[in-house]
Structures are given as structure tokens and as C-alpha cells.
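Work through these exercises with the model open beside you. Try each task before reading its solution.

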Amino acid sequence: MSATYALAALAVLILFSPPAAAQSTISGTVKDSSGAVMAGVRVDAASEALIEKSRAVTTNGEGRYAIVDVRPGVYTVTFTTVGFNAVKRQVEVPANVTVPVDAEMKPGAIEQTVEVQAQVATVDVENVAHPEVLTRNDIDALPTARNLQSVGSYIPAVHLNQPDVAGSQQIQQTYMATHGNPAQHDIILMDGMLVNTTQGDGQIQTYIDNELIQEATYQTSNVTVDASGGGVFVNLVPKDGGNTLHGEFFGAYIPSQFVGSSIDQTLLSRGIAAQSKLTQIQDFDGSLGGPFVKDRLWFLLSARKQLTYQQSPLSTKSDGSPEVDRSYVYTGHFRLTYQVNSKNKLSAMWMRDWKTTLDEVVTNTGSGVAANFNASTHRPPVMYYITQEKWTGTLTPRLVLQAGFTLDKLDYAVLYQAGQQKVPFTPEWYSTVLVNDTVKGLRYNVGTQQNYFKFDRYVVQGGGFYVTGSHQIKFGIQDSWGPAYQNTIVNGDLYAIENSGVPTSVTVYDTPAYTKPYLNADLGLYLMDTWKFKRLSITPGVRWEYLSNQINPESAPAGRFVPARNFAAVTCDTVKGISCFHNWAPRLGIVYDLFGDHKTAIKAGIGKYNTPLVSTNLNNFNPMFVTTQTRSWNGAGCTGPACYPLDSQIGVSPTGQFGVQTDRRLDPHYHREYNMQYTVGVQREIRKGLTLNFNWLRRSNYQQTLTLNSAVPPSAWSPVTIFNPLDGTPITMYNLNKPYVKLAPVVYQTNTPRSLRANTYNGFETSVQGRLPHGAFVFAGWTIDRELSRTCDQTVNPTTFLNDPNSLRFCDWYGGLYQDLGKTASIPYRNEFKIQGNVPLWYKFEFSASLYSDPVYNSNYQLNNYPTGLGNPVAEPLFAGQQQGFKEVYWTINSATKYPANCNCPSPGGVVNAGLLQGAETILLVAPGSRLTPQLNQLDIGIRRSFTFHDRYTVKAEAQIFNVINSNVVTAESQTLGPSVTPYLKDGPGGVPTAILNPRMLRLAVQFKF
């Protein structure tokens, strides 16, 4: 983004001023004792949460009022007008909701005040969404890992890609998905401002200190037009400081003696190796806040240490003892809030992470587990930080404006251990290469790769409210830009592959590679109005988006297998249609207060959400990219990890020129992918503080990418019949005819029709939110859902560039197309159940519990010969199978593959398909959805006792047990058919487990507040 453009954008913010930090509103209607509406009544909302102390408005001609942009806290709302008694009500305002506060005024003197006891908002009769709001006390009370993903995993319909037991994943991030939305569709806000990075199209987040958070709001549907994505919407409302000095500290510790074991005979019989063992988990977090100048300048200071040590089951030290994966993150944060005058407020914050992993012997197992320290990688602390600056102006009681700037900097490196990087083309560089023994599952000599990442997102945004009583108009502008750079370096530019110490092949790389995708602008302009008419609330909104990204000029020196490369920039001017998307995203919400008492609301919403992008749309056109190729290796009798391939021992490239991007034409009218989301539901207050929600949700995806290779027509393929080794049923397979083998592709990219590629999510969700007497609370939810997928467009495989008809097997989960090639039975609905809560007991004891019951997320699920990974051409269908926990049996065959000797087929031990010329094919042996991952049931409990000293200091001693039932559910397993069919038969045990849920653990913790 140019400096001129940045200055212009900042200037615009003064006129179009981010969404409100807390985004909460107090609104209602004032009537007299006869039921007539009252205009001109003054309404004051006062709270210690406001540095300016109070806000005031007056009711309009319909007796309505609205006080917008209020922070979470307890408010005293006072209604006054001449000739009537004043009415005073107390209300607790969470984040991101509209709190209804009505008043009935009776004739009398203003000095006579009618006080009404405090209440908690339950049913929101203006907003379609019903977010779950967790206060600071809630977060402190619940047994979780205390990060935004772990806390969010207990929200109904939120799925984690990997379970987090007691903080076992606190250093390696997990990702949230909901209602068919992959993780890159999530929106993470802090103080109402975007903090998604540019990595993974915004999927990867910075580590945010838990102690700086006052409230956390999680929303899984009906995201309004002030945000782009339609996934999990998170707003973290920070603490502000306050007029009194206060502090908090949380400390938790798990030594190895408090970690159990869960490997049993069943797992051993399935062939599981030893499990990695947690040897230590630490979490120390504290904050201090208060005034520099009372009612004028507040500060907040916080700091955190997170540490996780895991013992590797395979990596050993020189003395034979196990290596330990040592990882930790230190975080520091400072925030200032300054009340300039009665109408203007400024805030500024800075948060810095120092992440270090000394030896990734557990967390990086690509190309085998590191056999020792030298074969591991490490991560030094480079540069993670977030800085935010924000202005809020309450210009009039009707008009509130805001403007802000955020920089989320995520620069890091994954490196060899010290001294392992060698100067290119020296003898040490050739000899110090990774050796992967595929039988032992170990790698030797050096780590996987050296990667340097730069993912920085600069954000400017502004927004405003204009309130007229019956209308709440919200408007704003958001823009972000920044690099998504990656440099990759590999010793010897290859991995050496051995089988029990015997050289077999090499995996060559086109390194060094320096890729430079850049986000020029992710611009959004939005306008919406919440219109209240009697019992009906209608919120129409429209968002206009402009997305521009490009590949900056790239250069890299020559490698072992590629020449020096210099490439000009790739932009929407050089490749028409690649970027510079202009898109509308209209959304509509309707709420009807069924009985007019704010206790029952019928809700419906519809919205369009464009797919978030930073670099994925550029990948197919990036001339500098990291790719690999398998070549033969004649080891000349050398055995063991000391062997390394000489140039004379490496076979020639099997496909001609290597490391060159395949030319492709792009449809100049290529469109950005989007999805439509629909909800219908009802929200009912069962009793004071207890709300029941029921919703039907639907999501449909449109305009996915289709790539065609016109050099290989459909007539180039010939059908042959092979047999399913599991049950002997015939499978129609397609062989590429010889004239078309290794033919140079002629590639064209466009959008696929929904008749050939589609995804549809349907879900039914019931949830309860309860804040009960004496400080007890409970949140629970039950979701039944499924997602159907159709991938029958034969889009090219990104490795072979073939429109392969073998991908048509089981391509239609709707049950319509190509059922003769693989019939898909009805896809089952799956269930997930969540509950968490805290109950005060006697003698200042409290009991808390969290239950997470969800199908195991199958990260290893593949689809129609396509690899896993972000940016995959069939990413949405692939995600559908992963999230629903589909188990598959993959059979990878080439022209020499033989049937297993014990197969249920006509020719055990015979060659499967000698005419297979196009290379290896992966055949799906069971129908999607016919085999499912087990249910992951994780129950965590905690008990704590409070001690109070001098009425100011509170200490809470706590013991928490994670995975109480010691579940050892398999979270990852082999799904590839080997020499025996026995594990994969219908009632067989399944593949070899490669990961199970972490065992039962005891965490001791202490909390201190003053």
C-alpha cells in the first residue's frame, strides 16, 4: 500500500469513522402508567466501566431511546422528566448485545425515585445473533487452556482441528471452524479491531494474553456487515484500567508426575508405538491496572509465560534417554486509555510475543520423527506483536464516531539447529542432508527445512453510529494490507530416502525459493440500519468489498536442480481476473418480539459472505513456488544415515523441466468464491437469567475454482476393471492412453458450475445460556449437522495436471452423479454436545466443569487424489470430510502394484493394473460417510476455594483434572492399505494409531486478585 493511499485512508476515517469495541447497546421504550409513550424523557446510563462516567440521551416521539457503544459492566439507568417520579434501574451489560431496559413512569416529583433491582439481559429482541459472552470471572472459573481457541471450543457448533488437553496445544495453535465454515473464515477482533494476520488467508493468529481480556464474545452465525467473514466471530474486549489500582494473577503447573497414561492393550494390539509424553506445562499470567490520573488517564499492564515440554517416544539423546520438545511463549502487554474531554477518548496498546521452540522433536514430524537433536528444527523469537491506536468521539447523544489503526506483525523462522546450515555447493552442504528412513519412521542429520516467514497485516478502520430512537444506523470503512512472504532453504536441495538404511530415492526441491505474495487492499465499506417498529426489528445491511493482491517481483539464486530465477510482478493488470475483485455482500436480519415482553423472539437471517483471501488465489500463477519431485537414487552400496546422494547417483527428472510453473490461461471474468448463509430460530427466556435457543442453519458455497487441461481430452482415457481388495466388488478405473502420457498441459482456470461442484451444510442447534443465583452459570449446546459435497468437475490434480476421471468415484455425496462409479449412501448427521459451568458450594468452595463431545476431526482425510492443505483446489469438499470425521481406506497403486495376498478378490497376489501409465493413482475403497471417526469425549473438572483478606485481597486455590475419564480415543491413524486387508475390513480394528488424546492430568493453580 503506498504512503499516499495510507494517508488518504486515514483522512477518510475522520469522516467515516471501527465498529464499536464492545458493540453493545442499551435501548428501550418509556411509557406512563396509562401505557402511552413518553417523548423527551432524559435517560442516563452511569457505570464505572465508562471513563467519562455516564452517557445521556432523550426519548423520541415514539418513546424510544438507544445508548450505543457501551462497554461491558454494571450500569445504573435513570429516567427523568418534569412531573414524574424518576425511575432507576440497574442492568448488567455483556459485550456485543442489545440490552432491553424499559421504564414505566408515574406522576410525582423528580426527587422521588423508584428503584428496580438489578437484572441480566437474556433475550435480545433486536439482533438475530445470540452470541455467547464469557466474562473475566467466567474465564477464570472454567477448566480450560485459557486461550481464545480453547475457550471457544466449548461454544456450540465450534469444532477444533486438534484437541487441547490442559494446554497441551498452547504453544502450537489449534483452529476453530463452525457451521461448514473453514478456519480461514473466522474473524478475530480485539477492542473491535481486526487482528487476523496474513498467514493462511488470515487463519493463523498471534498469541493474545488472556489476562488483558475483560470479556470474550463468540458468535457462530448471522455476522453483520461490519465484518467480512462468516465463520467464528470473536471480539475480545480488553480491560481499560479503572480509577482504582487493581491486579490479578493466575499461576498453573503440571509436572510429569501429574500426567497419567492411557495406552491399553487394545491400542497395543493395533500397533501403536509409544506415545509422546507431556513432562511439564506452565501457565503464569498477571495484570495490573489503575489510574495515572483519576477519571482521565488509565493504564493496564499484563504479562504471561506459557511453557510446554513433551518427551518424544522415538527421538533420543546420545546417552539413549528420550529427547524433549521444549517450547515456550512470553507475552508482554501495555495499554493506555485517555479521556481527552467529555466527548473524546483515546486508547493505545502494544502486545509483544517471544515464542521459542528449542527442539521440535514432537511438534515437527514431517518426513519422519527427528532421531536426535541435530535432526530437529527450532524457532527463535523473531517478531510477534500487535499495536493498536483508537479514537472514540461521542460527538452528540445521537452520533458516535471511532477510528483506529492496528498492526499485527507475525515474523518468524523455522531453522536447523546451530551449525547445521551449510554454505551452498560446499562439500558439507552436499553431505549434511536430511535422510528419511521410511521403515523406521525417523529422519537423521538435519531438520526438515529452513523457512523464514513475514506475515504482517496493517489495518485502518473506522465506524460510527447515528441513533434516532427507532433507527440505529451503523456505517464504516475497513482496509488492510501487508506481505505474506516465505523463504525456503534446504541443505543439498533434497531429502534422501532410505528403506531400513538402504538408499531408494531422493525428493528433490526447487530451492532456494523466495515467494512474495502481497495484499494491496482488503477494503470494505458498509452501511446497516436496525429499525424498530413496534415488536418488529429489521436490520438490513450492505457491504461493498474491493480485494487487490499481487505477487511482488521475485528473485532467487541458482539451486542444485534449478537455475537462477528473476520474475516480474504478477498483478491483475498482467493476468486479467486474478485479483482486483469488486463484490457486494448484502445481509438481512429480522427479529419479532412475539409477546412484546422481551422474553420470546423469533429470528431469521440471510447473508452473503465472500471467501477471505490474502494469497491463495495467486498461488497457481506464482512463478516462484516450492515444489518437489521424486527421483531414483543409486547408493552404490552405501547404507545408513551417513549416506548422501552424489549428482551422479541421482536419476533424471521423470517429467522434463523441473521447478517451472505450468502456464495457464485465466478466465478474465473469473469470480471470487462466496457462500450464502441462512438461519431461522427462536430465543426464549425460561426464567430470569436462563435462555433457551433453537436454530436451523444452512450454508451453500458458490463459484469454486475449476482448472481444465485441454491437451488431454476425455477420449484419452480407457476404462479397466479392477477389484476392491476389501470385498471383491468391481471398480471401474481409467488408464491414460500412451499418446497422452507426459503431454505438455494446456491449462485454463475458471469457475466451476454448482451442478458439478457444490457444498451444502445443514444443522440444527439447541443451546442454553444461564446465569443463576449466587453467581452460578451454565452454558450448554447440542448440534446435529451434516455437510454434503459434490466434486464431479474433474478439476486438475495440482501435481499431474490431469482432469482425471478416477476422481469421479464417490464424487457426489448428494447421490445424483456418477453413482455407477461409486455409490454414496445417505451421509449421516453427526452430533456434538458441549456443557460448561460453575457452581458455588458451601464454605467458599466452587465446582466447575467442561464437557467437550465432538466427532474426532480427521486431518488426514483426502479426497479424489488431492493432497491436504490450505489453498487446495477442492479445499471446501476436503474440509467437509475432515470436520465430519469421515474415515477412508486409500489404496495407492501403480503399474507394478499387486493385490494383497489375503484380499477378498479374484486374484490375490496378482498385478492390479499393468496398463496404468499416468503414474500412481489413489483409489477410495469405502464410500464417504460409511465409516466415521469415534466421538471425542473430554470431561474436565475443577474445584477451588476462596480466601479473602482485609476485604480487598482474594486468593483462590484450585485443583483441576483434565480428561477425567482418561479417554484414549484415537485422533489420527493410518488410512492407507498395506500388504494386509485385515485392519481395514468392515469389522476390522482400523489402521495403526499415530496419535491419541492426551491422558488424564492434574493441574494445580492459584488465582490472586486485589
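Buried here means under 20% relative accessible area. Keep in mind that the model is predicted.

**Exercise 1. Trace the salt bridges around D140 and find which residues join one network.**

Step 1. Start with the rule. A salt bridge needs a side-chain nitrogen of Lys or Arg within 4 Å of a carboxyl oxygen of Asp or Glu. Searching the whole structure gives 35 salt bridges.

Step 2. Take D140 and R136. Their closest N and O atoms are 2.8 Å apart, so by the 4 Å cut-off they form a salt bridge. The two residues sit four apart in helix α2, which means about one helical turn separates them.

Step 3. Check the burial of this pair. D140 has a relative accessible area of 3% and is buried. R136 is buried too, at 8%.

Step 4. Look for another partner of D140. K1009 also forms a salt bridge with D140, with the closest N and O atoms 3.0 Å apart. D140 belongs to helix α2 and K1009 to strand β57 (residues 1001-1009), so this pair ties together parts that are 869 residues apart in sequence.

Step 5. Move to E211 and R146. Their salt bridge has its closest N and O atoms 3.6 Å apart. E211 is in the loop between β14 (193-194) and β15, while R146 is in the loop between α2 and α3 (148-152). The pair links distant parts of the chain, 65 residues apart. Both E211 and R146 are buried.

Step 6. Join the pairs through shared partners. One network results, made of R136, D140, R146, E211, K239, E248 and K1009.

**Exercise 2. Describe the second largest pocket: its space, its lining and the element that gives the most to that lining.**

Step 1. Begin with the volume. The second largest pocket holds about 1,400 Å³ of space.

Step 2. Count the lining. There are 49 residues, and V74, E92, T135, R136 and N137 lie nearest the centre of the pocket.

Step 3. Assign the lining to elements. Those supplying at least two residues each include β5 (73-80), β6 (86-93), β9 (113-120) and α2 (136-141). β49 (830-840) and β50 (845-855) are also among them. Helix α2 gives the most, with four residues.

Step 4. Sort by class. The lining has 16 nonpolar, 16 polar and 17 charged residues.

**Exercise 3. Do the same for the largest cavity: which residues lie nearest its centre, and how does its lining divide?**

Step 1. Volume again comes first. About 550 Å³ of space lies in the largest cavity.

Step 2. The cavity has 36 lining residues. Nearest its centre lie N127, N222, T224, M528 and T539.

Step 3. Several strands supply at least two lining residues each, including β1 (24-32), β29 (471-489), β33 (517-533) and β34 (536-551). Strand β38 gives the most, with four residues.

Step 4. The lining divides into 13 nonpolar, 18 polar and five charged residues.

**Exercise 4. Work out which way the side chains of β13 point, and which strands pair with β13.**

Step 1. Recall the general pattern. In a regular strand, side chains alternate between the two faces of the sheet.

Step 2. Apply the pattern to β13 (residues 187-190). I187 and L189 point one way, I188 and M190 the other way, and all are buried.

Step 3. Find the parallel partner. Strand β16 (residues 233-238) is joined to β13 by four bridges and runs parallel. I187 has F233 as its bridge partner in β16.

Step 4. Find the antiparallel partner. Two bridges join β13 to β14. Here L189 stands opposite L194.

Step 5. Inspect the turn. The hairpin of β13 and β14 has two residues between the strands, and D191 takes a positive phi near 60° there.

**Exercise 5. Lay out the six-stranded open sheet and say why one side of β22 and of β39 is left without a neighbour.**

Step 1. Write the order: β22-β27-β26-β30-β31-β39, with mixed pairing.

Step 2. Read the edges. β22 (369-370) and β39 (628-632) each have a single partner strand, so one side of each lacks a neighbour in the sheet.

Step 3. Examine one inner pairing. β26 (residues 434-437) and β30 (residues 494-499) pair in the parallel sense over four bridges. L434 stands opposite Y495 in β30.

Conventions
Residues are numbered from 1 along each chain as its sequence is written. This is a predicted model: local features need pLDDT of at least 70, side-chain atom pairs count only at pLDDT 80 or more; totals for chains, interfaces and linings use all residues. Side-chain values use heavy atoms; hydrogens and water are left out. On a 1 Å grid over the protein atoms alone, a cavity is a set of points where a 1.4 Å probe fits but cannot get out, and a pocket is an open set with protein on both sides within 12 Å along at least five of seven lines; lining residues have an atom within 4 Å of a point. Grid points are joined across faces, edges and corners, and a volume is the space filled by probe spheres set on the points. Ala, Val, Leu, Ile, Met, Phe, Trp, Tyr, Cys and Pro count as nonpolar, Asp, Glu, Lys and Arg as charged, and the others, Gly among them, as polar. Two strands pair if DSSP finds at least two bridges between them. Buried means under 20% relative accessible area, exposed over 50%, partly exposed in between (1.4 Å probe, protein chains only).
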